[in-house]
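Here are some friendly notes to read alongside the model. They take the chains pair by pair and end with two loops.

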Number of protein chains: 4
Amino acid sequence: MRAVVYHGPGQKAFEEVPDPEITDDGDVIVRVDATTICGTDLHILGGDLPEVRAGRILGHEAVGTVHDAGSAVHTMGEGDRVLVSCISACGACRYCRESHYGQCLGGGWILGHTYDGTQADYVRIPFADTSTYRIPAGVTDEHALMLADILPTGYEVGVLNGGVNPGDVVAIVGSGPVGLAAIMGARLFSPSHIVAIDVADRRLEAAKEFGADVTVNNGITDPLQAIQALTDGLGADVTIEAVGKPETFELAVRLTRPGARVANVGVHGKPAALHLEDQWIRDITISTGLVDTYSTPMLLRLLATGQLDPSKLITHRFGLDDFDEAYEVFSRPADTGALKVVLSR
Amino acid sequence: MRAVVYHGPGQKAFEEVPDPEITDDGDVIVRVDATTICGTDLHILGGDLPEVRAGRILGHEAVGTVHDAGSAVHTMGEGDRVLVSCISACGACRYCRESHYGQCLGGGWILGHTYDGTQADYVRIPFADTSTYRIPAGVTDEHALMLADILPTGYEVGVLNGGVNPGDVVAIVGSGPVGLAAIMGARLFSPSHIVAIDVADRRLEAAKEFGADVTVNNGITDPLQAIQALTDGLGADVTIEAVGKPETFELAVRLTRPGARVANVGVHGKPAALHLEDQWIRDITISTGLVDTYSTPMLLRLLATGQLDPSKLITHRFGLDDFDEAYEVFSRPADTGALKVVLSR
Amino acid sequence: MRAVVYHGPGQKAFEEVPDPEITDDGDVIVRVDATTICGTDLHILGGDLPEVRAGRILGHEAVGTVHDAGSAVHTMGEGDRVLVSCISACGACRYCRESHYGQCLGGGWILGHTYDGTQADYVRIPFADTSTYRIPAGVTDEHALMLADILPTGYEVGVLNGGVNPGDVVAIVGSGPVGLAAIMGARLFSPSHIVAIDVADRRLEAAKEFGADVTVNNGITDPLQAIQALTDGLGADVTIEAVGKPETFELAVRLTRPGARVANVGVHGKPAALHLEDQWIRDITISTGLVDTYSTPMLLRLLATGQLDPSKLITHRFGLDDFDEAYEVFSRPADTGALKVVLSR
Amino acid sequence: MRAVVYHGPGQKAFEEVPDPEITDDGDVIVRVDATTICGTDLHILGGDLPEVRAGRILGHEAVGTVHDAGSAVHTMGEGDRVLVSCISACGACRYCRESHYGQCLGGGWILGHTYDGTQADYVRIPFADTSTYRIPAGVTDEHALMLADILPTGYEVGVLNGGVNPGDVVAIVGSGPVGLAAIMGARLFSPSHIVAIDVADRRLEAAKEFGADVTVNNGITDPLQAIQALTDGLGADVTIEAVGKPETFELAVRLTRPGARVANVGVHGKPAALHLEDQWIRDITISTGLVDTYSTPMLLRLLATGQLDPSKLITHRFGLDDFDEAYEVFSRPADTGALKVVLSR
């Protein structure tokens with residue numbers, strides 16, 4: 001089969017490789033019908049994740065069809081249409097028992113990381129019963145694919161960790177794909193205002209389409225004033241950080257009211273300053289997290305009933321052979337406007 | 001009457017001042033029967049809180065007897081024995097409606113801060129109905145006094161914000177008075193282990209008496225090994241920071257397992273580094289906070305039934321005239337072993 | 001002034017009575033600008049609440065203007081526009097401290113019950129600081145009036161007690177005014193389906209307008225099949241009882257899936273059978289409750305931002321002198337289609 | 001091997017049967033080292049559970065040693081010492097994903113019910129990775145055995161569903177084995193009072209040993225007065241029903257204060273009356289439930305650290321051949337004083 005293989009920092013190739021095989025009774029082999037590229041894949045190519053070794057097939061998101069199933073797989077069989085989640089869960093460890101699948105002691109984020117991934121014709125999925133999801137009739141591959149990582153990430157790590165409630169003023173720092181997913185998720189809880197904050201006007205335009213009602217370009221204006229105007233001077237009820245830089249995290253903390261929550265979704269490479277000399281007295285709660293995908297079945301229900309429409313996230317579509325072009329487009333979002341790209345059979 | 005008056009950084013005097021008078025129908029005047037000194041009072045004397053103006057009577061903790069009550073006070077009258085809490089709550093603002101009294105928009109921590117305080121013969125208490133507590137029969141002045149600030153602080157900001165649950169491994173960084181109060185509070189939830197961490201062996205001895213079953217002198221040993229030995233290598237379920245320095249906060253974060261909570265109780269003067277490059281993926285939750293005193297009625301019930309014995313916190317007793325000596329003893333805990341000092345009529 | 005006075009079962013008169021006066025420093029006198037009639041008022045007239053004595057002015061919902069304020073009232077003054085809530089809260093008792101204002105030991109539902117009420121030109125409101133709400137600019141009297149009782153009741157006792165979450169299948173038994181308010185409130189949390197159940201097709205039509213996507217006339221069809229079809233045979237995630245009869249409560253319990261929640265909003269006059277022989281093993285949670293109005297400030301924010309539009313609840317409008325006709329219309333909803341009637345100055 | 005086989009209502013025999021064999025790759029065969037008898041086994045023998053067919057091996061609690069493991073079992077192997085839980089969990093269904101293992105769509109309570117059980121030399125355990133627990137060194141078979149059903153049942157269904165908190169007044173109706181387990185569990189949260197209520201003085205004596213500080217024989221005295229005396233006339237904060245009769249459930253509801261929780265643990269055979277005409281306005285929450293065993297790993301930690309001592313529950317000990325005598329003793333607790341009987345190798 002063909003697959004996108006990582007060959008060390010800056011190097012990848014879409015090339016012929018051996019087909020995957022079942023190595024444990026709980027595995028399935030899935031034929032990939034649609035997959036996508038994540039910002040994390042670019043980080044791997046940038047050399048930021050040295051635990052990813054040369055020879056690894058990239059990708060941790062897919063929708064596909066079960067091609068073969070191990071003897072201990074109970075919930076699906078050959079021919080079933082499934083969502084392959086970015087998180088693989090053993091189902092039995094302490095974290096899995098608490099629905100903290102992202103922290104699974106034997107799994108977690110392993111696809112395209114420490115196991116071969118989904119940017120291929122076929123992929124082996126370990127712990128299949130607890131790591132894949134049957135796709136309801138009427139849900140398209142493209143829509144389901146948005147549940148492999150980005151929508152549950154924005155929803156769980158941003159919206160639920162942030163505790164968004166009806167009537168809240170929610171500030172979301174960063175309007176890239178994950179920030180937009182968080183906006184979509186926050187809307188499910190009927191906040192009174194969603195304030196999108198970014199340095200690119202183009203992304204702020206997108207934020208409005210996704211459900212932000214106030215936008216602030218923080219390259220130009222300090223968003224604190226806009227937030228205070230909406231909150232009797234107090235600050236945001238919830239702030240979601242969706243960038244991953246010290247300055248955006250520090251901004252997210254600064255925009256909160258006493259008693260507020262800051263949900264960090266961004267992937268960070270450096271420490272941030274936590275201004276405890278101001279914040280120790282302000283009753284704030286800061287959360288971090290990798291997606292667990294415990295919300296995936298519920299999000300599938302919302303897709304099936306049309307309550308959630310992720311089409312807007314998909315800006316480019318390619319065939320399953322067009323990985324080179326897809327990577328090219330996805331890696332230059334300022335030029336291409338790419339949010340999520342879909343490669344499908 | 002006589003009172004401890006702040007006269008600018010480094011200067012205070014126990015001197016004659018005018019008696020307080022009712023200025024609002026919701027006020028009471030309380031005759032102080034017992035009071036104490038808080039570490040915060042030393043910070044004020046050190047000049048760290050410039051909003052405290054010269055001429056201010058210090059102190060925010062007292063037990064006393066109602067001497068006079070405004071016409072709108074409904075829950076107490078002359079002669080009633082009351083606990084004066086460090087937090088004054090208007091009862092009507094957004095924060096008071098959510099039991100976040102510490103963030104009250106018209107009150108909060110005001111006594112001995114922006115209002116005259118309790119280190120005096122009499123004190124005026126605004127919003128009396130929502131800022132004082134009738135003391136049940138059988139609860140001594142000394143025991144009740146420990147509920148004016150230190151016990152609810154350790155309990156709410158440390159134990160409840162930290163979400164201590166039965167079976168948890170709880171690490172408490174700092175075994176000063178507030179850290180010890182957090183140990184007492186944590187014991188109410190039957191953790192499997194409480195690990196006390198401090199650089200002074202004398203304080204670690206106290207920690208054992210208060211309920212810690214493991215102690216680590218972090219001036220000598222990295223406590224991470226001790227924690228890992230108790231947790232299959234994962235880290236603490238809950239960490240409580242009760243010092244207020246960047247390095248102790250950073251230690252508290254480092255000791256946690258994925259999915260854990262860090263409750264900051266310490267009063268900080270400088271920013272700490274938050275190592276988001278490690279923590280973004282680890283599902284941790286960090287909380288800060290000023291005490292709200294929502295737990296005070298419940299803690300009074302535990303005192304009344306003998307479930308909580310705060311006697312061990314009281315190391316020195318003085319008469320109400322002995323403020324100079326009490327400050328002297330309290331400000332040199334390394335020499336005197338002072339935890340809480342009580343001055344009583 | 002004139003007021004609707006209860007003169008014993010079946011008897012009321014709109015008649016001249018003395019103006020109310022301030023009797024406690026925490027009172028305000030409010031000039032009533034708009035008021036409404038509640039089903040509970042009909043129950044009083046029916047003699048079902050014997051604690052209501054002849055001579056009592058009826059009504060517990062109003063929007064008005066502060067006419068006079070006691071000396072201990074801090075949050076409003078003459079001329080301020082306020083919402084008078086059905087719940088009066090002392091602000092200081094155990095229940096008020098926990099935001100359980102409906103259970104206030106000195107207040108609760110007292111207006112038009114044990115205190116003179118709002119169906120009058122003027123009304124005295126005790127504990128004014130904690131029992132009335134300033135109305136934001138841009139919110140009409142009519143909209144605000146819907147927050148005096150019905151919307152917070154449906155939202156708190158139905159939706160929040162029921163724990164409605166995104167993606168849930170919510171069954172609401174009863175599509176009278178409170179059931180419709182619960183539908184509006186449930187929509188704020190993006191359930192996947194709201195199933196309205198009633199014996200009157202006219203009310204089911206209304207339910208659709210308020211946000212139900214499935215309706216079942218349970219006089220004709222057992223709603224269990226419809227619910228099972230939406231839930232893989234399991235049952236509803238949340239059921240809200242908004243009728244107040246044994247058979248509707250028992251239906252609400254029967255429609256749930258294992259692990260579900262049943263929120264009772266209905267006012268009951270008789271015991272219901274709880275089929276513990278079936279339910280003991282099914283992990284269900286049943287809640288009852290009087291509204292607390294802790295959500296009122298948040299609901300006011302949603303009105304102010306246009307997120308919530310209660311206009312649909314108002315079917316009839318009258319002048320403040322037209323109580324006789326308004327009662328007549330409101331007491332025959334099957335004929336008149338009355339949901340809420342508004343009487344305004 | 002030998003096993004206790006059910007032969008229809010009133011009939012059982014300890015007899016020779018074929019050894020169990022692995023039928024699914026996820027099974028293990030466990031050699032039973034210790035087992036016990038549950039009140040439910042007596043219900044089966046009484047004919048109350050017609051779904052249990054003649055020929056079924058009884059028993060759903062065991063501690064044992066892994067004798068054989070299917071190829072898809074990852075967490076244990078031959079020779080490992082394990083706790084066999086009363087609940088078998090597939091790990092993959094909707095309920096298992098939410099830690100509601102008791103409601104598992106393919107498992108739940110199946111052992112000694114719809115699958116052959118543990119009162120035998122060997123037992124087949126399906127879904128072994130998610131249905132058994134490795135026993136920590138230092139925990140005895142007898143102590144671990146108390147975690148197969150009774151302690152998690154009292155803790156999860158009684159204490160956690162009831163939301164016991166420090167300072168609460170907790171009323172527990174019924175001081176049989178499960179009521180005593182609930183008392184032990186409640187003590188972990190430091191309530192101010194635990195009031196044990198039963199009609200047998202002998203059981204009330206046991207309740208005191210387990211941690212109740214107040215006891216009431218409700219065959220003689222209405223416990224309401226005792227509860228009101230402890231709660232300023234309000235009622236209990238939490239009530240746990242551990243009998244399973246209409247009158248005890250109704251008593252449990254009647255003893256609560258407004259805003260309280262009633263946790264039903266009892267197994268009921270008949271409906272109870274829910275007095276909604278009184279309770280609709282009182283903000284109560286009633287829960288039912290089968291144990292999920294999500295707390296089992298935590299309870300094992302408490303055993304390992306000596307925080308929980310279940311020895312008091314064990315009143316009689318037998319050899320693994322003495323089922324006839326053990327059933328005889330266990331079925332006459334009024335005469336024998338039996339709480340839990342242990343049969344061990």
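**Notes on the chain contacts**

1. Let us begin with how chains C and D are related. In this predicted model, a turn of 180 degrees and a shift of 0.0 Å along the axis lay chain D on chain C, with an RMSD of 0.0 Å. Both copies use the same surface, since 100% of the contact residues of chain D recur in chain C.

2. Next, the extent of that interface. On the chain D side 37 residues are in contact, and they meet 37 residues of chain C. Between them, chain D and chain C bury about 3300 Å². Carbon and sulfur atoms account for 58% of that buried area.

3. Now for the polar side of the pairing between chain D and chain C. There are 2 salt bridges between these chains. One of them joins D:Asp237 to C:Arg94, with 2.7 Å between the closest N and O atoms. The interface also has 25 residue pairs in polar contact, counting pairs in which both residues have pLDDT 80 or more.

4. Which elements of chain D each supply at least two residues of the side that touches chain C? They are α2 (94-97), β12 (256-264), β13 (272-274), α10 (276-279) and β14 (285-287). The most comes from β12(D), which gives 4 residues. By class, this side of chain D has 16 nonpolar, 13 polar and 8 charged residues.

5. It is worth looking at the strands that pair across this interface. Strand β14 of chain C, residues 285-287, pairs with β14(D) in the antiparallel sense, over 3 bridges. To find the place in the model, look for C:Ser287, which stands opposite D:Thr285 in β14(D).

6. Chain B gives a second pairing with chain C. Chain B superposes on chain C by a rotation of 180 degrees with 0.0 Å of shift along its axis, at an RMSD of 0.0 Å. The two copies are therefore related as by a two-fold rotation axis. They meet through the same surface, because 100% of the interface residues of chain B are also interface residues in chain C.

7. How many residues of chain B are in contact with chain C? The number is 20, and they touch 20 residues of chain C. Chain B and chain C bury about 1400 Å² between them, 38% of it on carbon and sulfur atoms. B:His74, B:Ala92 and B:Arg97 supply 38% of the area that chain B buries here, more than any other three residues.

8. The polar contacts of chain B and chain C deserve their own point. The count of salt bridges between these two chains is 0, while 12 residue pairs are in polar contact, with both residues at pLDDT 80 or more. On the side of chain B that touches chain C, the elements giving two or more residues are α2 (94-97), α3 (128-131) and α11 (296-304). That side has 6 nonpolar, 7 polar and 7 charged residues.

9. Finally, please look at the backbone of two residues in chain D. D:Phe127 is not a glycine, but its phi is positive, near 50 degrees. D:Phe127 sits in the loop between β6 (122-125) and α3 (128-131). D:Asp232 is likewise not a glycine and has a positive phi of about 50 degrees. You will find D:Asp232 in the loop between α8 (223-230) and β11 (236-241) of chain D.

Note on methods: Residues are numbered from 1 along each chain as its sequence is written. Chains are lettered from A and ligands numbered from 1 in the order in which they are written. This is a predicted model: local features need pLDDT of at least 70, side-chain atom pairs count only at pLDDT 80 or more; totals for chains, interfaces and linings use all residues. Side-chain values use heavy atoms; hydrogens and water are left out. Contact means heavy atoms within 4.5 Å. Buried area is the accessible area (1.4 Å probe) that two parts lose on being put together, summed over both. A salt bridge is a side-chain nitrogen of Lys or Arg within 4 Å of a carboxyl oxygen of Asp or Glu. A polar contact is a pair of N or O atoms within 3.5 Å; within protein, one must be able to donate a hydrogen and the other to accept it, and residues adjacent in sequence count only if both atoms are side-chain atoms. Ala, Val, Leu, Ile, Met, Phe, Trp, Tyr, Cys and Pro count as nonpolar, Asp, Glu, Lys and Arg as charged, and the others, Gly among them, as polar. Two strands pair if DSSP finds at least two bridges between them. Copies are superposed by least squares on the C-alpha atoms of residues with pLDDT of at least 70 in both.
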